[in-house]
Amino acid sequence: MKRIAGASVVLLALSMMAAVLVHAALSINGAGASFPYPVYSKWFSEYQKKNSEVQINYQSIGSGGGIKQVTEGTVDFGASDGPMNDEQLKAFQDKHGFGILHFPTVLGAAVPTYNIPGVTAQLNFTPEALAGIFLGKITKWNDPAIVGANQGVNLPAADIVVVHRSDGSGTTYIWTDYLSKVSDEWKDKVGKGSSVNWPVGLGGKGSEGVTGQIKNAPNSIGYVELIYAASNNIPYGSVKNSSGAFVKADLASVSAAAAAAAKTMPDDFRVSITNPPGKTAYPIASFTWLLIPEKFTDAAKREALKGFLNWMMADGQDYAEQLSYAKLPTEVIAKERKALGKIQ
């Protein structure tokens, strides 16, 4: 009986120690972009397996929400598919006396997806066609601007139903950034942003909402993230790039889009790679960023975040391609390692 009692005391003590260790785990909170959520979720899980003392919690609420929460100080870091603008950065700097740093994590793409009854072919889209469709100027699927790029495809004389995101979205930022580069009319009338005043169309919340609208609306077109289209087996088209080639989004074409930017990446990492040069480059691609304050009052959180960023740039990149994201170029990682020193 004494042995049993003694063993019980030891087990109780071990349980209490385990509870204390779990309770003592450093909790870091972040929020933002849904575009990279699949890879972020994987990263935070894998990192905690190797660093049980650090727990990183992330809310996928959209890029606009990520910027809002990190600037308001309600999270330790934010995430966005569109970089913060000069006005946002200056407002934060003026209020706090230090800035917010952008750290690229992976590369992804936004792709045009559609539902046209009786059409199973992969469609080609020119910049002019996409801008015209989303401006509401091209209204029929058999418009010459679409038919001309899809010889041999029997496109119907049906009204096009446009679908877009209703929530603030980094995917929308990438899509509208591209349209602003290829269409002066879009740039002047609508512009780029995570939320815009759409000239036409139905709204869907999140990629799930957009996809649901497209599935339920015959002759519709919208845009979703490459990872979402790939993982849900959703058809999506090729887009004509600045070199005149129709390119379908995949790991190689997204990496090609970043090739030129990687060599001229600015020190603050805020760069757009939509409509890039290169015959093999997919034109609606983007980096996505973690938004990290330059200063932390909690030294433990600061060091834990820097530790994660170091891991993300090395081992973390190995998880990117299996989730349909492209790895960071080596030139970008080299610059990021230097930028880690700015976190104080």
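Okay, so the protein chain here has 13 helices and 11 strands. Keep in mind that this is a predicted model. The C-alpha trace spans about 85 × 50 × 35 Å along its principal axes. Of the 344 residues in the chain, 51% are buried.

Let's start with the sheet. You're looking at an open sheet of eight strands, and reading across, the order goes β2-β1-β3-β11-β4-β8-β6-β7, with mixed pairing. Who sits at the edges? That would be β2, residues 54-60, and β7, residues 202-204; each has a single partner strand, so one side of each is left without a neighbour in the sheet. If you go from strand to neighbouring strand, the turn is 25° on average, ignoring direction.

Now a few of the pairings, since "mixed" is a bit vague on its own. On one side of the order, β1, residues 26-32, runs parallel to β3, residues 77-80, and three bridges join the two. If you want a spot to click on, take glycine 30, whose bridge partner in β3 is phenylalanine 77. Hang on to that phenylalanine, because it comes back in a minute.

Next, β8, residues 220-225. Is it buried or exposed? Mostly covered: six of its six residues are buried. It has β4, residues 100-115, as an antiparallel partner, with six bridges between them, and in that pairing alanine 110 stands opposite glutamate 225. With β6, residues 161-165, β8 pairs in the parallel sense over two bridges. There, valine 161 has serine 220 as its bridge partner.

While we're on β4, have a look at valine 106, which lies in that strand. Valine 106 has a relative accessibility of 0%, so it counts as buried; the cut-off is under 20%. What I like here is the link to proline 329: the two are 223 residues apart in sequence, yet their C-alphas are 9.1 Å apart in space.

On to the aromatics. The count comes to 24 aromatic pairs. One of them is phenylalanine 134 with tryptophan 198, a tilted pair at 6.2 Å centre to centre, with 50° between the planes. Why call that tilted? Because stacked needs under 30 degrees and edge-to-face needs over 60, and 50° falls into the rest. This pair ties together distant parts of the chain: phenylalanine 134 is in helix α5, residues 127-135, while tryptophan 198 is in the loop between α8, residues 184-189, and β7, which puts them 64 residues apart. Both phenylalanine 134 and tryptophan 198 are buried.

And here is that phenylalanine from β3 again. Phe77 belongs to an aromatic cluster together with Tyr37, Tyr40, Trp43, Phe44, Tyr47, Tyr58, Phe308, Trp311 and Tyr319. If you colour those residues, you can see the cluster for yourselves.

One more ring to show you: tyrosine 236. Lysine 248 lies over its face, at 4.6 Å from the ring centre.

Last stop, helix packing, and we're back at α5. Its partner here is α7, residues 170-182; the two axes come within 10 Å and cross at roughly 115°. That makes α5 roughly perpendicular to α7. As for handedness, α5 passes α7 in a left-handed crossing.

So, to leave you with two places to look: the buried phenylalanine 134 and tryptophan 198, and β8 with its six buried residues. That's it from me.

Conventions
Residues numbered from 1 in each chain as written. Predicted model: local features only at pLDDT ≥ 70, side-chain atom pairs only at ≥ 80, totals over all residues. Heavy atoms only, no water. Pairing = 2+ DSSP bridges. Helix = DSSP H or I, 4+ residues; strand = E, 2+ residues; numbered from the N terminus. Axes fitted to C-alpha atoms, helices over the stretch in contact; angles between N-to-C directions. Phe/Tyr/Trp six-rings, centres within 6.5 Å; stacked < 30°, edge-to-face > 60°. Buried < 20%, exposed > 50% of the residue type's maximum accessible area, 1.4 Å probe, protein only. Lys NZ or Arg CZ within 6 Å of the ring centre and 35° of its normal. Parallel < 35°, antiparallel > 145°, perpendicular 65-115°, else oblique. Left-handed = near helix turned anticlockwise from the far one by under 90°.
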